Each structure stands twice: as structure tokens, then as C-alpha cells.
Amino acid sequence: MNSFILPSKEIALELSSYCGANCVCCPHEDFPLKNRNMDFDLFVKCVDDAVAHGAISIDICLMGDALLDPGIEKKLGYCREKYPDLKIYCSSTAQTATPEFVSKYIDTLQISMYGVTKDVYEAVHRGGLKFEKTVANIEGILALPKEKRPYVTMVFLLLPENEHQMENWKAIWEPKVDEILIWRTHNWAGRYVTETLPESKYASAKSCHRPFGGDLCVWVNGDVTVCCFSEDKRLVIGNMYEQTLKDIFYGDKIKRIQEIHKSNMFYNCGLPCEKCDQIFSRADALVYSSKNRTVGQKISHADHVYKFEDGVK
């Protein structure tokens, strides 16, 4: 235990739970931690502890848009000064992603853009997002000199509202950015499932492996989960205000989740995992990848690709 290394060599930190969008496919409004920002001292503790245990990257996303955190430059400036080799991954709508900011602080920028015209884009993302501003920010980032530009990934989520624009979106962005991904929706750790699944359904269930090889996720209030899809209290395994990453990873709460996943005993387990579509085959989830990615990989950065299974002890 003294040589504890984070299985994914990355930690996910929710810098902000604010979001400028209100996407038709996202349960953001149902999450209890919305409209908060992570305290600077908590951020520092998480980063220091993660690096001490092998982290080579931080993911500053989870449910909110980190770029809406008014303290983000202070936080990422701390990383750049103390840990210059630490990579920073950010997923955003790019509505506030200025070229100047991302060139200074972001190594990999994943941009969610679910439409190619103003009407479809704003109907899907909703909230305060404006199509013209997003496009201008993306074009400004792509115009940066190559050595100052982050690795840019564009993501399109296939929905009834935008499926007719998929091929056009692909033709527009694939030649311009470093990578594109087209996904089908997931059910947010069972949040969108109301019916009880029959026990026979679980004969094909299999662990997603996140409790073993995925990122530990630290939410704005310090709670830690093994799942990026849910802050559900049933998945909370500790709190970084009170504990360390090592204590949390070897604690009793994560052991219960791991035992359920090891034995595939998901039926009636009392966890969100019971209704999560990630425990069933979702080979269809990835519609297109310009880099030949596969379902079940962690792909925060172009050179940080591995199967979640790799972290299983």
C-alpha cells in the first residue's frame, strides 16, 4: 500500500458545476451539486496528492464546465508552476474557450458540438449557448500556431434532433481538428431508467471496470466516486476534505462496489450500477472514430489510451 499508484494515472476534478448549456440529453438540472465552484485549497490538496501517487494528468470536467470557474486561472496556474509536466484535459462546449486561455493552460480540449446550423445547435444545447460564438472560439483555437494549440477533439452526440446533420458535421470538422468522435447516448448510470430490469437480463452483465481502473472523481464538495456518470451518494467512497486518495482507494466503501463488480452481482444491488447501461454490451455506442478508438477505452489524451481493464488488480 505504501507504493499506491492511481490506476489510471489521472484524477478527475470538478472545478465547477456551473454549465452554460442545458442540453436535451443531460440531467445536469437534476444534480444536487450544481452552481458551485471547487475551493482552491481543496484543488491544491487533490492535485498534490494525485501527483504524489503517480498522476500524469488531471481531468477538470465531470458535470460542469470548468471554464466557468472564476478561479480557474489561479488553479491551473498552480499546476503549470509546480507541475509543468502534468497534462490538463478539459471537456467543454467551447462557449467561453478563448484561444489565449486554452493555449496557456489546456493540453487536450474536447469540444461537444451537437449541430452544424444555428437552429439545431441551439435547440440541442439550449441554455445560453450561441452558435456563432462557439464557432468563432473554435476557429480561433484552430488558428493558433501548432506549437501553442492544444490537441483538439470534437464530439458529436447522435440524437433525434440532430441525426440528419451527422454526415455534414463529420465532413466539416474531421479535416480541421486532431480527432473526431461520434457517440450514441448512454443512460447516465441508470438515471434515465424507470422500469425494473428482470433478473434474467443480468446474465450478460459485466463490470465496466471503472471501480478498478478508472479515474477517482472528486466533485466540487470534495466527495469522491469511482464513476464519472454519477455523483450519487450510493457511489461516494470518501471525501477529500477529510481523507487522502490512498485512504479512500483502500477504504471499505470502495471494496463493496468492487466486490459487486467482481462477482457481477448487479441485480438488486442497491447501486446506480444496477440500471446503468455500461454493464451491458454497448459496442454500438461509438458510431465513428477518426482514430480507431474502441468502446471501453480511456482517451483523455492522444497518448493516454488504455482499456479500463488494465487497472484491475
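Good morning. I begin with two helices, α4 and α5, which are roughly perpendicular to each other. Their axes lie 9 Å apart and cross at an angle of about 100 degrees. On the α4 side, the contact is made by K118, Y121 and E122, and on the α5 side by F131, E132 and T134. Please keep in mind throughout that this is a predicted model.

Let us stay with α4 for a moment. This helix covers residues 118-125, and its buried residues are V120, Y121, E122, V124 and H125. What covers them? The cover includes α5, residues 131-142, and also strand β4, residues 108-112. Just after α4 comes R126, which takes a positive phi of about 55 degrees.

Between β4 and α4 there is a loop, and G115 is found in it. Is G115 buried or exposed? Its relative accessibility is 0%, so G115 counts as buried. Leaving aside neighbours within four places in sequence, G115 is in contact with V120, Y121, F131, F156, Q165 and W169. Two of these names have already appeared in this talk: Y121 is among the α4 residues that contact α5, and F131 is among the α5 residues that contact α4. As a reference for distance, the C-alpha atoms of G115 and K9 are 33 Å apart in space, and these residues are 106 places apart in sequence.

I turn now to β4 itself. How many of its residues are buried? The count is 5 of the 5, so β4 is largely enclosed by the rest of the structure. Both faces of the strand are covered: T108, Q110 and S112 are buried on one side, and L109 and I111 are buried on the other.

Strand β4 belongs to an open sheet of 10 strands with mixed pairing, in the order β9-β8-β7-β1-β2-β3-β4-β5-β6-β10. The edge strands, each pairing on one side only, are β9 at residues 236-239 and β10 at residues 286-289. From one strand to the next, the twist averages 20 degrees. Within this sheet, β4 pairs with β3, residues 87-92, in the parallel sense over 4 bridges. Along this pairing, C90 stands opposite L109, and S92 stands opposite I111.

C90 leads us to the nonpolar core, for C90 is one of the residues that I60 touches. Not counting residues up to four places away in sequence, I60 also touches L13, L15, A66, I72, L76, I88, Y89 and I106. The largest nonpolar core has 96 residues, and those with the most contacts inside it are I60, L76 and I106. Helix α1, residues 40-52, supplies the largest share of this core, namely 6 residues.

Finally, a word on the cysteines. How many disulfides does a search of the whole structure find? It finds 0. C25 is in no disulfide, and the nearest cysteine sulfur, that of C23, is 5.1 Å away. C25 has a relative accessibility of 13% and therefore counts as buried. For C217, the closest cysteine sulfur is that of C228, and the separation of 5.5 Å is too far for a bond. With a relative accessible area of 2%, C217 is buried.

To close, I return to the opening pair: α4 and α5 are roughly perpendicular, and both α5 and the enclosed strand β4 are part of what covers the buried residues of α4. Thank you for your attention.

Terms used: Residues are numbered from 1 along each chain as its sequence is written. This is a predicted model: local features need pLDDT of at least 70, side-chain atom pairs count only at pLDDT 80 or more; totals for chains, interfaces and linings use all residues. Side-chain values use heavy atoms; hydrogens and water are left out. A nonpolar core is a set of buried Ala, Val, Leu, Ile, Met, Phe, Trp, Tyr and Cys residues joined through side-chain atoms within 4.5 Å. Buried means under 20% relative accessible area, exposed over 50%, partly exposed in between (1.4 Å probe, protein chains only). Contact means heavy atoms within 4.5 Å. Two strands pair if DSSP finds at least two bridges between them. Axes are lines fitted to C-alpha atoms, for helices over the stretch in contact, and angles run from 0 to 180 degrees between N-to-C directions. A disulfide is a pair of cysteine sulfur atoms within 2.5 Å. Angles under 35 degrees count as roughly parallel, over 145 as roughly antiparallel, 65 to 115 as roughly perpendicular and the rest as oblique.
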